[in-house]
Amino acid sequence: MSVRIRLTRAGRKKVPHYRIVVMDSRNRRDGAYLDQIGVYHPNLQPAQFEVNEEKALRWLTQGAVPSDTVRSLLSQRGILLRFDLMKRQTPPEKIAATLATWREAAAARTAQRAEQKKLKRKGKASAESAATS
């Protein structure tokens, strides 16, 4: 049996949210699942993503393969980095240090992107005001 970690759709029309579930890859998208490990709300600003890290790591160590979207979400949280370090039998202290460094760098990248976005909006707004006057 091939086990995948993937999204199942929930929510109403045009307001989707997703459950992150572990299921047999042959099942249909919204079929029966083995375990729910999190939720993803893409329509909230900013998008909300919650995952039980211990469950995700347990399923990954048992051979579950994440879908592309779930892989992206797990990477954003550093779960795949932790899994990779665990697979390489890195000592727990070094894993914690590496994750702390990675989280600081990720926070800096996020802040930089937000600043760039803010500057871009200001530039666009000033260009529009100059064009109207």
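# Working through the fold, one exercise at a time

Leaving aside its neighbours within four places in sequence, leucine 74 is in contact with Phe49, Val51, Leu60, Pro66, Ile79 and Leu80. Keep in mind that you're looking at a predicted model.

## Exercise 1: the nonpolar core

Work out which residues touch the most other members of the largest nonpolar core, and which elements build that core.

*Solution.*

Step 1. Start with the membership: the largest nonpolar core has 20 residues, and Ile5, Ile37 and Leu74 touch the most other members.

Step 2. Now go through the elements. Those giving two or more residues are strands E1 (3-12), E2 (15-24), E3 and E4 (48-51), along with helices H1, H2 and H3.

Step 3. Look for the main contributor: H1 provides the largest share of this core, 4 residues.

Step 4. For background, in soluble globular proteins nonpolar side chains tend to be buried together.

## Exercise 2: salt bridges

Find out how many salt bridges the whole structure has, then take three of them apart and say what they link.

*Solution.*

Step 1. The search of the whole structure turns up 7 salt bridges.

Step 2. Pick aspartate 35 and arginine 58, whose side chains meet at 3.4 Å, N to O. Aspartate 35 sits in strand E3 (residues 35-41) and arginine 58 in helix H1 (residues 53-61), so this pair ties together parts that are 23 residues apart in sequence.

Step 3. Check burial for both partners. Aspartate 35 has a relative accessible area of 13%, so it's buried, the cut-off being under 20%. Arginine 58 comes in at 40%, which makes it partly exposed.

Step 4. Next up is glutamate 54 with arginine 82, where the side chains form a salt bridge at 3.6 Å, N to O. Glutamate 54 is in helix H1 and arginine 82 in helix H3 (residues 79-87), so here the parts tied together are 28 residues apart in sequence.

Step 5. The third pair is arginine 88 and aspartate 84, at 3.2 Å, N to O. Arginine 88 is exposed at 59% relative accessibility, while aspartate 84 is partly exposed at 25%.

Step 6. Finally, look for shared partners: Asp35, Lys55 and Arg58 are joined into one network by salt bridges that share partners.

## Exercise 3: the largest pocket

Which residues are closest to the centre of the largest pocket, and which helix gives the most to its lining?

*Solution.*

Step 1. Size first: the largest pocket has a volume of about 540 Å³.

Step 2. Its lining is made of 16 residues, and the closest to the centre are Gln76, Arg77, Ala106, Thr110 and Arg113.

Step 3. Sort the lining by chemistry: 9 residues are nonpolar, 3 polar and 4 charged.

Step 4. Then sort by element. Helices H2 (68-77) and H4 (92-132) each supply at least two lining residues, and H4 gives the most, with 6 residues.

## Exercise 4: threonine 98

Place threonine 98 in the structure and list what it touches beyond its sequence neighbours.

*Solution.*

Step 1. Threonine 98 belongs to helix H4.

Step 2. With a relative accessible area of 29%, threonine 98 is partly exposed.

Step 3. Not counting residues up to four places away in sequence, threonine 98 touches Leu81 and Leu85.

Step 4. For a sense of scale, go from threonine 98 to arginine 26: the two are 72 residues apart in sequence and 36 Å apart in space, C-alpha to C-alpha.

## Exercise 5: backbone oddities

Which peptide bond is cis, and where do lysine 14 and glutamine 89, both with positive phi, lie?

*Solution.*

Step 1. The cis peptide bond joins glutamine 45 and proline 46, with omega at about -10 degrees. Proline 46 is found in the loop between E3 and E4.

Step 2. Lysine 14 isn't a glycine, yet its phi is positive, at about 65 degrees. You'll find lysine 14 in the loop between E1 and E2, and it counts as exposed at 72% relative accessibility.

Step 3. Glutamine 89 isn't a glycine either, and its phi is positive at about 55 degrees. Glutamine 89 is in the loop between H3 and H4 and is exposed, with a relative accessible area of 70%.

Terms used: Residues numbered from 1 in each chain as written. Predicted model: local features only at pLDDT ≥ 70, side-chain atom pairs only at ≥ 80, totals over all residues. Heavy atoms only, no water. 1 Å grid on protein atoms, 1.4 Å probe; cavity = no way out; pocket = protein on both sides within 12 Å on 5 of 7 lines; lining within 4 Å. Points joined across faces, edges and corners; volume = space filled by probe spheres on them. Nonpolar A, V, L, I, M, F, W, Y, C, P; charged D, E, K, R; others polar. Salt bridge = Lys/Arg side-chain N within 4 Å of Asp/Glu carboxyl O. Buried < 20%, exposed > 50% of the residue type's maximum accessible area, 1.4 Å probe, protein only. Contact = heavy atoms within 4.5 Å. Core = buried A, V, L, I, M, F, W, Y, C linked by side-chain atoms within 4.5 Å.
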